[in-house]
Amino acid sequence: MPDPDSPSGPQQEDLPPLQAQIDTALADHTGVILDVSGITFADSMFLRLLLTTHQRTDLRIAAPSETIERLLAVVGADTSLRVYPTVEQAQNT
């Protein structure tokens, strides 16, 4: 059972499976839309995953929470990453 006091977001052990899913998607597609709407906490390892994925492909980040938007803004990643308010907008761009 998940700890109700733990942050909702990718934990260190979650990143390799997420990376594997991204790799699988890239085998068949030229880009990735990452729906981050359920993520309310992210650390530098998650940010690194976003940045390395952005370097590899057309990464579109969809539906970020205020926390994710703030993280991206604080490190200046919001100026280079493609962030969209909704999944639909990410798909239609």
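Start with the outward side of helix H1: the face turned away from its buried side carries Pro16, Gln21, Thr24, Ala27 and Asp28, all exposed (over 50% relative accessible area with a 1.4 Å probe, protein chains only; buried is under 20%, partly exposed in between). Helices (H or I, at least four residues) and strands (E, at least two) are DSSP runs, numbered from the N terminus. Bear in mind that this is a predicted model, where local features need pLDDT of at least 70, side-chain atom pairs count only at pLDDT 80 or more, and totals for chains, interfaces and linings use all residues. Residues are numbered from 1 along each chain as its sequence is written, and side-chain values use heavy atoms, leaving out hydrogens and water.

Now flip to the other side of H1. Leu15, Leu18 and Ile22 are buried there. Looking down the helix axis, the buried residues of H1 fall within an arc of 65°, so they line one face (the arc is taken from the directions from the axis to the C-beta atoms). An α-helix has 3.6 residues a turn, so residues three or four places apart point the same way. E1 and H2 are among the elements covering the buried residues of H1, with contact meaning heavy atoms within 4.5 Å.

Further inside, Leu50 touches Leu34, Leu59, Ile61, Leu72 and Leu81, if you skip residues up to four places away in sequence.

Over in strand E3 (residues 82–84) sits Val83, which is partly exposed at 31% relative accessible area. Setting aside neighbours within four places in sequence, Val83 contacts Ile61, Pro64 and Leu72.
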